[in-house]
Amino acid sequence: MFDPVDRSTIREAIRAEIAAASKEVKSSWLDIDAIEHLADQPGHFVYRLVLSSPVHLAPDQAVTFQTQRPRDSIPAVVVKADDEGLVVECRKALPADAKLLRMSLDPAFILRALGEFLEAISESPGPIARRVYKKDLPPRPQVVAQDFEGLNEDQRSAISEMAATPLYLLWGPPGTGKTTTIGAAVAGWMREGRSVLVVSTSNAAVDVAMRSVLGRVHADERKHLLRLGASLDLEVGTLTLEGKLAERDLILAVGLAKAQRRITQINEIIATKSPSTARLHAYFQELAECEGVVRRFNEMAESEASKLLADVRVTGCTLARMVLDEGLRRRRFDVVVLDEASMASLLYALAASMLAGSHLVYAGDPKQLPPIVQADTLEARRWLGRNVYGWFGVEMEDSASGLKLLGTQYRMTDEIGGLVSRLTYGDRLRHGRGRRGQLVVFVELPEEWRTTHYSVAEGSYYHPAAVPALHALADVICEDGDLLLLSPFRPQRSLLSALAFDLKEGRPDCKIVASTIHRSQGSESGAVVVDLTTHQPGKGVPFFADDNCQKLMNVALSRAKDMLLILGGRAMLESLAAGSPFWRSFLGEFGRGIDWLPCSDFFDGFERVGDLAQFSHGGRKDLPAIYSHTTECGPVRAGADRLGGVEASRKLLVMDRADPIAAKGGVIVRQGRDNPAVFMAGGRLCLKYGDGWLVVRSPNVTRVVWRIAFSHLADEVLNPVQAKRFFCPECFDGNLTLRSIKGEGLFLACSNAQVHQCYYRRRLSLADAKILVQMQDEKCANGHPMTARMGPKGTPFIGCENFPQCDEAKTFLNILQ
């Protein structure tokens, strides 16, 4: 199907993306900070893994877990990746203790499968795939809309048009019932006896689409539906192969559920208690018996597959599963529906078209998130960075475009929906919810906080201004019990996530979630706060000038149902408006769709101190303390003395220019520019405000601020999970101990060299050395913490963190001894 030039550039695009994906996952081993058992599906265990450094992995990515038991590996698949880490599904239970686990993966796994799929299927494509490749989009047919219960005129006509044309593009802005329309259409095709494949970019999107189909079928028609892959939806989970077997044999299902619960209980007991040797042996024996029940169930599901799937007409799965599944590759479906098509790269859209026999529907919103591409090459941007709407060159509905708009939104109040419609959809959206609310509120931050700060640790932007602002507004934004905090930048999302935990204190019934805008498509919330994060006029940040900025802002604004707040500075918007039509339109909404309020109106009830010497610690001693001093703070001495007098896990003084101040009380002194003026101690955060300091209690935030803002200047507090670095990755039964080898230097070697004949060793890295020094709690003669440094000949040594003020040094022989 592809001409020779396109075939060559497609191969180059996939090769470039594989290289970029492999570079992002810098190691095939990923460290896991924590494990949370989310749920059990029939024959499967679902976990959330909190990672030290979240990575971008596609759904259905295969991963392997290694435990400390020799040769014990647990295969799993990724259900979803988000800002916190991964959700995975395993056929064996994972240990409850994250320190006992490591994960390996091949980040190029799915991309290679996509390339193989295209190579194999493109030799014999159907007529629909040829039309897509040749950009032959038929005009929308003139049909009479059929009657469908619960659907509006646009939705009914869209279903009729889908059935009348082989290739159809559906445009569904947020809240317009795109997935509802798809569900009704698929249920109709199913009743006609047609085979239908429903695919999307994520497991969550597939679940939503299949739930929509379920809502349109009778109980005796459920046998016609199949969900391939991992589902987190309890109802949709019954449509999987294992779910169908469990529904068919209830006695088997009860025994399986009992075995899975007992496996989780035993793993918790082993991780949290210290059973005797005899009891431990009994637990392992019971564990093996329960695992046998799960294994036999999964084997039965595979052996009974032909019977369980005999009546299936509608199959739902992710695009990744589509290219991985050999059975799907050999089939041709009467109808293929690609939901969230705007987020699917062009190559996946082409791949889906190759499985369509008589009808192909692309459904999405070209005004929202585009596909994510990591490689920065022309070929990758052409084939993986574009979606099918860009391929056909359509973005707005007109008589010649072949693009059908669903024009009535039911999610947002008239005020929020009106703003979204005017900014992005040419004021073409109608509002069917029938609820009026307050205007969108733009919260103006104080002039002192109109700054921009860069996180060296995470390579993006942050600002602590949101912390006092949202604490002040907490009673208002948490009133409905459903709050979503959004930022374009990953370090700020980390700060907002920590803030969410602090805001929930005293509000246990309030659901508060933080996300980057990129990860939020598909979600919605009663109240939404969009934190623009960077507030300094004239100091531009690439995000706001990016071609996709308007689409990302559209995603952010359209998540809100009842209340929408935006944190920022009007001066920055004015500087952006000078070069951007979108920001010019946004600024023009002030006084019409956006109400303006100064943040200072909400700070009356906050504690304020005129001088840091007046700061009262009286808080937690297990949290870090920081004083980041700028010229606007005045003399450094008062704050430095107060920092030295508090009790904290770590104490750091950062000055924006050199000052020969003598640190006291174990304070680490550093010089750094472009940091916010902030003082933190005991879980309390102080920001420079007016003639003094504004004080707010937010303990989780203080821990995160250290990591995102200052961890490049001083070592973080030791995390117990970091001890995993010293488990042997080969035998998983030994510990890595420090060895000095004459003529070669310092190494970490497995302690099982004699017992299990494991001879693994690696040269001591600087990261290893820093953790070892922290584990030994090394201090200099002045009581300051020591750290590892690299000498001029590449040999690590131990030095004071306050170098050059303190030049005390030791060799690693101190630790060896």
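**Sheets, helices and selected loop residues in a predicted model**

Gly 193 counts as partly exposed, because its relative accessibility is 45% (buried means under 20% relative accessible area, exposed over 50%, and partly exposed in between, with a 1.4 Å probe and protein chains only). The model is predicted, so local features need pLDDT of at least 70 and side-chain atom pairs count only at pLDDT 80 or more, while totals for chains, interfaces and linings use all residues. Residues are numbered from 1 along each chain as its sequence is written, and side-chain values use heavy atoms, with hydrogens and water left out.

Gly 193 is found in the loop between helix H5 (178-191) and strand E9 (helices, H or I with at least four residues, and strands, E with at least two, are DSSP runs numbered from the N terminus). Leaving aside neighbours within four places in sequence, Gly 193 is in contact with Arg 313 and Asp 334, where contact means heavy atoms within 4.5 Å. Gly 193 and Arg 313 are 120 residues apart along the chain, yet their C-alpha atoms are separated by 7.2 Å.

The strand that follows this loop, E9, belongs to an open sheet of seven strands in the order E10-E11-E9-E12-E13-E8-E14, with parallel pairing (two strands pair if DSSP finds at least two bridges between them). Strands E10 (225-227) and E14 (403-405) stand at the edges with a single partner strand each, so one side of each is left without a neighbour in the sheet. On average, and with direction ignored, neighbouring strands of this sheet are turned by 20° against each other (axes are lines fitted to C-alpha atoms, for helices over the stretch in contact, and angles run from 0 to 180 degrees between N-to-C directions). Within the sheet, strand E8 (residues 167-171) is joined to strand E13 (residues 356-364) by five bridges, and the two run parallel. Here Tyr 168 stands opposite Val 361 in E13.

Two helices can be placed against these strands. Helix H14 (residues 346-353) packs on the sheet and touches E9, E12 and E13, its direction making about 150° with that of E13. Eight of the eight residues of H14 are buried, so H14 is largely enclosed by the rest of the structure; among them are Leu 346, Tyr 348 and Ser 353. Helix H6 (residues 203-214) lies across strands E9 (196-200), E10, E11 (314-318) and E12 (333-339), and runs at about 165° to E10.

Edge strand E10 also takes part in a pocket. Together with strand E5 (73-81), strand E6 (85-90), helix H8 (241-248) and helix H13 (326-329), E10 is one of the elements that each supply at least two residues of the lining of the second largest pocket. On a 1 Å grid over the protein atoms alone, a pocket is an open set of points with protein on both sides within 12 Å along at least five of seven lines, and lining residues have an atom within 4 Å of a point. The second largest pocket has a volume of about 760 Å³, the volume being the space filled by probe spheres set on the points, which are joined across faces, edges and corners. Of its 30 lining residues, Arg 91, Leu 228, Gly 229, Glu 242 and Arg 321 are the closest to its centre. By class, the lining has 13 nonpolar, nine polar and eight charged residues (Ala, Val, Leu, Ile, Met, Phe, Trp, Tyr, Cys and Pro count as nonpolar, Asp, Glu, Lys and Arg as charged, and the others, Gly among them, as polar).

Further along the chain, the axes of helix H21 (residues 549-557) and helix H23 (residues 581-588) come within 10 Å and cross at roughly 35°. Cys 549, Gln 550, Met 553 and Leu 557 in H21 meet Phe 582, Trp 583 and Phe 586 in H23. This contact has six nonpolar, one polar and no charged residues.

Two loop residues other than glycine have positive phi values. Thr 533, with phi near 70°, sits between strand E22 (525-531) and helix H20 (542-545) and counts as buried at 0% relative accessibility. Asp 674, with phi of about 60°, lies between strand E28 (668-671) and strand E29 (678-681) and is exposed, with a relative accessible area of 52%.

An open sheet of three strands has the order E35-E36-E37 with antiparallel pairing. Strands E35 (786-790) and E37 (809-810) are its edges, each pairing on one side only. Helix H26 (residues 766-776) packs on this sheet, touching E35 and E36, and its direction makes about 160° with that of E35.

Definitions and conventions. 1 Å grid on protein atoms, 1.4 Å probe; cavity = no way out; pocket = protein on both sides within 12 Å on 5 of 7 lines; lining within 4 Å.
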